[in-house]
Amino acid sequence: MDTHHLALSSLITLFFFLSILTPSYCTDDERFANCGRPYGCGSIQNVFYPFWGDDRPEYCGREGFELECHNNEYPIIRFEALDFRVLSIDKFHPIMTIARLDLWDGSCPQNNFNTTLNFTNFDYYASTVKNITLFYNCTTQVDIPDPHRFTCKSGDTVRHNNAYFGEEFLTTSRLQDLKNCSKSISVPIKVKVLQSGVLALQEVLDRGFDVDFIFLDDTACKGCVESGGNCGSNSTHQFVCFCSDESDQERSYSCPGYSILLANNLMRKHTVRRWRKSVDLRHQSVFA
């Protein structure tokens, strides 16, 4: 067999083996790729784990962190029967600012729901939040100081005899008087906004309030991202590191090969330091 046919035969054999091997190093896992794309809606952009929603699949986040984009304008997060408008999500701290959607446009709420959170994942950011109570459709017998009176819309009807008070104003006698209102709800607000004293109640409500989300997987997620992975979850674990080699590194902080890469980088830095030290020593000996 001449050299030409031998080379051709070798190429055919090589092509056959390459065609049957799975090129996992060339194909990103679908979950890895999907979870590498951030969530975005309106002014809220570049949001990653533990949040998910819309085009970002559920396995890219955690249960209780779903966001729903409203008319491509702003995201909504739901706690039990209440929807909240997401005003901001801090990129560096687990803090989110939200506002009750049913109180956003000055409407009288249809349901008598106090503000509640999913306390498994969220809690009030105590240092910035205080509660006020809104009292609706009070009778004319109720003494409402002008600074504490507000209006709201119920269909085409504008109701004027409503009141709001902070907890420090709810004395026993005033609470007795406020029993002549048809309903009341408790709403958290930002302390600094209320202390400014220049905003109307609706503006105070529209500024929302801060909540911190319980992010137990923060360390694991950081390790995952640093190793080239993307954070997510599955049916059995609330945290999974998705890697480009299609392997779920369950309960792992990093993707395969990260420790080797880290060791190589440390070895390279150590070698560079030794080389610089030897150069400095030679340099010193020349001028000694």
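A residue is called buried when its relative accessible area is under 20%, exposed when it is over 50%, and partly exposed in between (1.4 Å probe, protein chains only). By that rule Phe209 is buried, with a relative accessible area of 1%.

Welcome to this structure, a predicted model in which local features need pLDDT of at least 70, side-chain atom pairs count only at pLDDT 80 or more, and totals for chains, interfaces and linings use all residues. Residues are numbered from 1 along each chain as its sequence is written, and side-chain values use heavy atoms, with hydrogens and water left out.

**Aromatic rings**

Let us stay with Phe209. Rings of Phe, Tyr and Trp (its six-membered ring) pair if their centres lie within 6.5 Å; planes under 30 degrees apart are stacked, over 60 edge-to-face, and the rest tilted. The structure holds 15 aromatic pairs. In one of them, the ring centres of Tyr124 and Phe209 are 5.9 Å apart and the planes stand at 50 degrees, so this pair is tilted. Tyr124 belongs to strand E7 (residues 122-124) and Phe209 to strand E12 (residues 209-213), so the pair ties together parts 85 residues apart in sequence. Helices (H or I, at least four residues) and strands (E, at least two) are DSSP runs, numbered from the N terminus. Tyr124 is partly exposed, at 21% relative accessible area. Both residues sit in a cluster linked by ring pairs, whose members include Phe51, Phe119 and Phe213.

**Salt bridges**

Next come the charged side chains. A salt bridge is a side-chain nitrogen of Lys or Arg within 4 Å of a carboxyl oxygen of Asp or Glu, and the count comes to seven. Here are some of them:

| Pair | Closest N to O distance |
|---|---|
| Arg78 and Glu68 | 3.8 Å |
| Asp102 and Arg100 | 2.8 Å |
| Asp218 and Lys222 | 3.5 Å |

The bridge between Arg78 and Glu68 links distant parts of the chain, with Arg78 in strand E4 (residues 74-79) and Glu68 in strand E3, ten residues apart. Arg78 is partly exposed at 47%, and Glu68 is partly exposed too, at 37%. These two also join Asp83 in a network of salt bridges.

Is Arg100 buried or exposed? Arg100 is buried, with a relative accessible area of 3%, whereas its partner Asp102 is partly exposed at 26%.

Asp218 and Lys222 lie four residues apart in helix H6 (residues 218-226), which means that about one helical turn separates them. Asp218 is partly exposed at 27%, and Lys222 is partly exposed at 48%.
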